[in-house]
Amino acid sequence: MVHARILETEAYGGGDDPASHAFRGPTPRCAVMFGPAGFLYVYRSYGVHWCMNVVTESTGTASAVLLRAAEIYSLPVDGAARDTKSLLLSGPGNLTRGLGITGTDNGQDCCEESTGRVSFQESRVDVGAVRVGCSKRIGLSRGQERLSRYFLEGYPALARNRSRVTKKSTES
DNA sequence: ACATGGATCGCCT
DNA sequence: GGCGATCCATGTA
């Protein structure tokens, strides 16, 4: 069993979000985004990579959170605080490659009744001690202005933190 | 039918 | 900072 801690995500909406696959309504590819929360939406990117999302809103409302970076451990995350060995999976393509996620995982329940290879659970880390940064999403041709990318502070190896905006208004 | 281009990455200069 | 790899959903005819 592999354990991973999510470090970086991006939020995508539906008809209100021109950067979302669901912008123009359901298609065979993005149908899962219109389903219930807690299911995986996996798609092929640039013909090369797999990208992994978790659906977040109820049936009929398209939404998903793209997982962009994670840290994987051979132990549960709280144990890993002592065993500092971890592997950084930075970038959505690297993340799916490192976890072995492919198109065959698309549409799986990964929360309530996870039957597949992926399941999520509440973090055992002290969430109160974690600082979350926010920025524009990366690599878009539409909807670039939204500040819907979230990442843990203190991980410089994450995707370039350009256009960065944090809670401190003094930062540029 | 066919053309297009993207929620990317790694390697090149 | 630029480019090639490589697939397929989508738009247009």
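Colleague: How many salt bridges are there, and what makes a pair count as one?

Modeller: The count comes to 6 salt bridges, where the term means a side-chain nitrogen of Lys or Arg within 4 Å of a carboxyl oxygen of Asp or Glu. This is a predicted model, in which local features need pLDDT of at least 70 and side-chain atom pairs count only at pLDDT 80 or more, while totals for chains, interfaces and linings use all residues. Residues are numbered from 1 along each chain as its sequence is written, chains are lettered from A and ligands numbered from 1 in the order in which they are written, and side-chain values use heavy atoms, with hydrogens and water left out.

Colleague: Why is the pair of glutamate 8 and arginine 68 called a salt bridge?

Modeller: The closest N and O atoms of glutamate 8 and arginine 68 are 2.9 Å apart, and the limit is 4 Å, so the pair qualifies. Glutamate 8 sits in strand 1 (residues 3–12) and arginine 68 in strand 4 (residues 64–73), 60 residues apart; strands here are DSSP runs of E, at least two residues, and helices are runs of H or I, at least four, both numbered from the N terminus. Glu8 and Arg68 also belong to a network of salt bridges with Glu10 and Arg149.

Colleague: Why is arginine 137 called buried?

Modeller: Buried means under 20% relative accessible area, exposed over 50%, and partly exposed in between (1.4 Å probe, protein chains only). Arginine 137 has 6% relative accessibility, so it counts as buried. Its salt-bridge partner is aspartate 17, at 2.8 Å, N to O. Aspartate 17 has 0% relative accessibility and therefore counts as buried.

Colleague: What about arginine 117 and aspartate 105, buried or exposed?

Modeller: Arginine 117 has a relative accessible area of 54%, so it is exposed. Aspartate 105 has 1%, so it is buried. The two form a salt bridge, with their closest N and O atoms 3.0 Å apart.

Colleague: Which residues are around DNA strand C, and what makes a residue near it?

Modeller: A residue is near if one of its heavy atoms lies within 4 Å of the strand. Those around DNA strand C are Arg24, Thr27, Pro28, Arg29, Tyr46, Gly47 and Val48. Sugar and phosphate account for 68% of the atoms of DNA strand C that come within 4 Å of the protein.

Colleague: How do you know that tyrosine 46 makes a polar contact with DNA strand C?

Modeller: A polar backbone atom of tyrosine 46 is 2.8 Å from a base oxygen of DNA strand C. A polar contact is a pair of N or O atoms within 3.5 Å (within protein, one must be able to donate a hydrogen and the other to accept it, and residues adjacent in sequence count only if both atoms are side-chain atoms), so this pair fits.
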